[in-house]
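Open the model in your viewer and keep the sequence panel visible. This tour goes from one selection to the next and says what is there at each stop.

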Amino acid sequence: MLEIRGLTISTGRRDLVRDLSLRLPDRGITALIGPSGCGKTSVLKWLAGILPGELRASGQVLLDGAPIRPPHAALGYQPQSDALFPWLTLAENAALGLTVAGLSRRAALARVTPLFAPFGLAGAEALFPAQVSGGMRQRAAFLRTITRDSRLVLLDEPFSALDAVTRLRMQDWLMDRLRAQPRGVLLVTHDLHEATRLADRILVMATGPGRILREIPITIPQDRRDEAAMAPLRETLKILLLEDPPR
């Protein structure tokens, strides 16, 4: 569905990412892992059309074989921070992506409000971001991102601010959502358990400058609660990452 060709991102003095090419299918989760500083977040920001002005980028992105210019309506994005608007309630923030896409405010709120309970946000619909915890803000941001009808979802460590139990619940909810509404997901994460639990394939990035070091398809069944079965894959990923320390 989506293809990146020859992406180079630089500061002007050095390349952060050099000649990176990859394809993202329109179904399933692709996890992007790698050492800090290898350019994972920069790749997502470039796709989302919000790369900082001090960085230069060249490359091409194609959707169904046709060139597009980010930002694009087919791509939904959630940054590491919750990026909620402080003057909007949690419900209004969660509905914002739908209203931007053209849905009326009433219809958008009607769609997201029933999801507050599964997200552990019941009763917080009318609260403002400053009135709730960081984890609750992150869940509201994730709800805003995943309820948009974008064909590809870009997630930059979406569960990093959550406690372990809530993180597992949100991961399960993401999988349930993808089964109900299949789409492609590009997930940046530092958590090897999260990557191996969710992904259909894992792309390992290397530093100096950033590039795809290895693509690892995951053939283990989706219900990956057998820690013994997952251990060899996680060990392989750990070795790859330790062989390429941050620069």
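Begin with strand E3 and strand E8 (residues 184–188): the two run parallel and are joined by 5 bridges. Keep in mind throughout that this is a predicted model.

**Stop 1: strand E3 and its partners**

Select residues 28–33, which make up strand E3. Of these 6 residues, 5 are buried, so E3 is largely enclosed by the rest of the structure. Now pick Thr30 and look across to E8, where its bridge partner is Leu186.

Next, add strand E9 (residues 201–206), which pairs with E3 in the parallel sense over 4 bridges. Which residue of E9 stands opposite Thr30? Select Arg201 to see it. Thr30 therefore gives you a marker for both pairings, with Leu186 in E8 and Arg201 in E9.

**Stop 2: from Arg201 to Glu215**

Stay on Arg201 and show side chains. Arg201 forms a salt bridge with Glu215, and their closest N and O atoms are 3.0 Å apart. Arg201 belongs to strand E9 and Glu215 to strand E10 (residues 211–217), so the pair ties together parts 14 residues apart in sequence. Is each partner buried or exposed? Arg201 is buried, because its relative accessible area is 13% and the cut-off for buried is under 20%. Glu215, at 47%, counts as partly exposed.

**Stop 3: other salt bridges**

The structure holds 12 salt bridges. Select Asp172 and Arg197, whose side chains meet in one of them at 2.7 Å, N to O. Asp172 is in helix H5 (residues 164–180) and Arg197 in helix H6 (residues 192–198), so this pair links distant parts of the chain, 25 residues apart. Asp172 is partly exposed at 31% relative accessibility, whereas Arg197 is buried at 18%.

Then go to Asp26 and Arg27, where the closest N and O atoms of the salt bridge are 3.9 Å apart. Asp26 is partly exposed, with a relative accessible area of 32%, and Arg27 is partly exposed as well, at 49%. Finish this stop by selecting Glu3, Arg5 and Arg23, which are linked in a network of salt bridges.

**Stop 4: the two sides of helix H3**

Select helix H3 (residues 105–112) and colour Ala108, Leu109 and Val112, which are buried. They cover an arc of only 95° around the axis, which puts them on the same side of H3. Turn the helix to the face away from this buried side to find the exposed residues Arg106 and Ala110. What covers the buried residues of H3? Show helix H2 (90–100) and helix H4 (134–146), which are included in that cover.

**Stop 5: aromatic rings**

There are 5 aromatic pairs in the structure. One of them is Phe85 with Trp87, a tilted pair at 5.0 Å centre to centre and 45° between the planes. Phe85 is partly exposed, with a relative accessible area of 33%, and Trp87 counts as exposed at 58%.

Now select Phe119 and Phe142, another tilted pair, with 5.9 Å between centres and 35° between planes. Phe119 lies in the loop between H3 and H4, and Phe142 in helix H4, so the pair ties together parts 23 residues apart in sequence. Both Phe119 and Phe142 are buried. To end the tour, add Phe159 and Trp173, which form one aromatic cluster with Phe119 and Phe142.

Conventions:
Residues numbered from 1 in each chain as written. Predicted model: local features only at pLDDT ≥ 70, side-chain atom pairs only at ≥ 80, totals over all residues. Heavy atoms only, no water. Buried < 20%, exposed > 50% of the residue type's maximum accessible area, 1.4 Å probe, protein only. Pairing = 2+ DSSP bridges. Arc of directions from axis to C-beta. Contact = heavy atoms within 4.5 Å. Salt bridge = Lys/Arg side-chain N within 4 Å of Asp/Glu carboxyl O. Phe/Tyr/Trp six-rings, centres within 6.5 Å; stacked < 30°, edge-to-face > 60°.
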